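Please read the points below with the structure open beside you, and look for each residue as it is named. The note goes through strands, a helix, and then the spaces between the atoms.

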Amino acid sequence: MKNKQKIVSINNLKVVFDIKQSFINELFSKKRKIVKAVDGISLDIYEGEIVSLVGESGSGKTTLGKAILNLAPISEGEVFFKGGTVDFKNKKEVKKFRQKAQMIFQDPYQTLDPKSLIFDAVVEPLEVNNMLKTVAERKEKAVKALEDSGMAPGEDFLYRYPYELSGGQRQRVAIAGSIILNPDFIVADEPVSMLDVSIRTGILKLLLDLKNSRDLAFLFITHDLSLAWLISDRIAIMYLGIIVEIGTSDEIIKECIHPYTKALLSIMPVPEVNKNRVRKVLTGEIPDPTEIPKGCRFNTRCEFAYDRCFVEEPELTKISNDHFVACHLATEEIHVKS
Ligand code: SF4
């Protein structure tokens with residue numbers, strides 16, 4: 001990605017939520033209960049790049065994606081768009097940024113208003129941003145967005161209702177709405193997890209086509225490492241609010257170092273990847289995010305944890321050009337044998 005422009009950068013981004021406690025607990029508890037959903041993440045995403053964010057439920061993936069687009073409150077840190085800081089207190093600036101940075105949600109059934117025509121759903125971003133006055137202009141844009149999203153001829157879909165479409169077609173309509181303003185960056189939050197397996201490939205191929213034809217940058221959020229491998233240039237593994245490993249897709253799949261990544265990888269249903277790998281069972285649940293373990297936050301589930309892991313939090317450290325990992329074993333150059 002060396003010759004590509006940075007589209008979105010985030011610097012030490014934090015999202016902290018207060019937990020509402022009962023009146024009695026609030027009265028007697030001295031400590032404020034908080035969830036550090038995103039706990040200091042820095043990341044650059046380049047034009048024409050797909051970065052996948054992978055982790056279990058509760059790792060903070062969706063919150064991070066929303067925070068970048070100002071859909072979740074940022075407690076600390078900065079978001080940069082094409083090199084300039086985005087001032088989320090400035091409404092005009094936020095509006096301009098949101099024209100260029102869009103989101104595709106997980107559930108195409110909830111994204112679309114069942115009472116609205118497909119035409120209205122697709123042109124909504126144009127309406128919100130007061131662009132294109134005539135119906136003919138809007139129609140032309142809607143048809144193009146639908147056709148670019150694999151719904152051809154676009155004219156045939158404009159005056160239908162969402163209930164007349166399949167799940168895959170609804171997700172394509174949602175994608176058409178997200179590209180109608182020609183964005184540079186899209187957060188795609190589990191965009192195929194609600195779809196039948198047979199339809200998923202078509203949607204993934206569409207996202208890849210959009211990346212290639214428009215040089216679009218994506219943050220692709222998924223819990224499925226095999227999907228991430230199929231679609232991404234780089235993969236970031238998230239655990240309890242932080243990135244624990246990041247690298248090119250091949251580095252993460254073939255040369256991963258963090259024990260959490262290895263555990264996720266060993267349950268991947270791809271025989272060629274796991275041919276000589278001992279299957280690791282990830283025991284226990286992800287810890288309560290209000291009680292993040294001291295030291296390495298993976299220490300409660302890590303079979304390699306040793307003294308240092310319980311007192312010192314490992315930093316994300318460079319292993320090679322694009323490959324970074326947060327594990328004491330890696331920095332001590334004692335790679336875990338797979
Ligand atoms: Fe496991 Fe320690 Fe590495 Fe954390 S730092 S992943 S506990 S070995």
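1. Strand 7 is a good place to begin, and its side chains point to two sides: Phe185, Val187 and Asp189 go one way, while Ile186 and Ala188 go the other way, and all are buried. Since 5 of the 5 residues of this strand, which covers residues 185–189, are buried, strand 7 is largely enclosed by the rest of the structure. Please keep in mind, here and in every later point, that this is a predicted model.

2. Which strands lie beside strand 7, and in what sense do they run? Strand 6 is joined to strand 7 by 4 bridges, and these two strands run parallel; within this pairing, Met103 stands opposite Val187 of strand 7. Strand 8 also pairs with strand 7 in the parallel sense, here over 5 bridges, and the partner of Phe185 in strand 8 is Ala217.

3. Strand 8, which spans residues 217–222, is in turn joined to strand 3 by 5 bridges, and the two run parallel. If you would like one pair to find on the screen, take Ile50, whose bridge partner in strand 8 is Phe218. Strand 3 is also joined to strand 9 (residues 234–239), again in a parallel arrangement, by 4 bridges, and there Ser52 stands opposite Ile235.

4. Are the residues of strand 3 buried or exposed? Ile50, Ser52 and Val54 point one way from the strand and Val51 and Leu53 the other way, yet all of them are buried. With 5 of the 5 residues in strand 3 (residues 50–54) buried, the strand is largely enclosed by the rest of the structure.

5. Another part of the model holds an open sheet of 4 strands, in which the pairing is antiparallel and the strand order is 2-1-4-5. Strand 2 (34–46) and strand 5 (84–85) stand at its edges, and each has a single partner strand, so one side of each is left without a neighbour in the sheet. At one of these edges, strand 5 pairs with strand 4 (residues 76–81) in the antiparallel sense over 2 bridges, and the bridge partner of Phe80 in strand 5 is Thr85.

6. Helix 2, made of residues 61–68, is mostly covered, with 6 of its 8 residues buried. The buried residues in this helix are Lys61, Thr63, Leu64, Gly65, Ala67 and Ile68. After the helix comes Asn70, whose phi is positive, near 65 degrees.

7. Turning to open spaces, the largest pocket has a volume of about 570 Å³. Of the 24 residues that line this pocket, Gln102, Ala121, Glu124, Pro125 and Gly177 are the closest to its centre. Helix 3 (91–100), strand 6 (101–104), helix 5 (118–128) and helix 8 (167–179) are the elements that give two or more residues to the lining, and helix 5 gives the most, with 6 residues. Sorted by class, the lining of the largest pocket consists of 12 nonpolar, 7 polar and 5 charged residues.

8. The structure also holds 2 cavities of 30 Å³ or more. The volume of the largest cavity is about 90 Å³, and of the 13 residues that line it, Pro259, Cys296, Cys302, Cys309 and Cys327 lie nearest its centre. Its lining has 10 nonpolar, 3 polar and no charged residues.

9. Where does the ligand sit? The ligand is found in the largest cavity, where 13 residues surround it, the closest being Cys296, Cys302, Cys309, Cys327 and His328. In the shell around the ligand, 10 residues are nonpolar, 3 are polar and none is charged.

10. The second largest cavity contains about 30 Å³ of space. Ile242, Val244, His258, Cys296, Arg297, Glu313, Pro314 and Ala326 line this cavity, and by class they make up 5 nonpolar, 1 polar and 2 charged residues. Cys296 is worth finding once more at the end, since this residue lines the second largest cavity and is also among the residues closest to the ligand.

Definitions and conventions. Residues numbered from 1 in each chain as written. Predicted model: local features only at pLDDT ≥ 70, side-chain atom pairs only at ≥ 80, totals over all residues. Heavy atoms only, no water. Buried < 20%, exposed > 50% of the residue type's maximum accessible area, 1.4 Å probe, protein only. Near = heavy atom within 4 Å. 1 Å grid on protein atoms, 1.4 Å probe; cavity = no way out; pocket = protein on both sides within 12 Å on 5 of 7 lines; lining within 4 Å. Sits in = over half its atoms within 2 Å of the grid points. Nonpolar A, V, L, I, M, F, W, Y, C, P; charged D, E, K, R; others polar. Points joined across faces, edges and corners; volume = space filled by probe spheres on them. Pairing = 2+ DSSP bridges.
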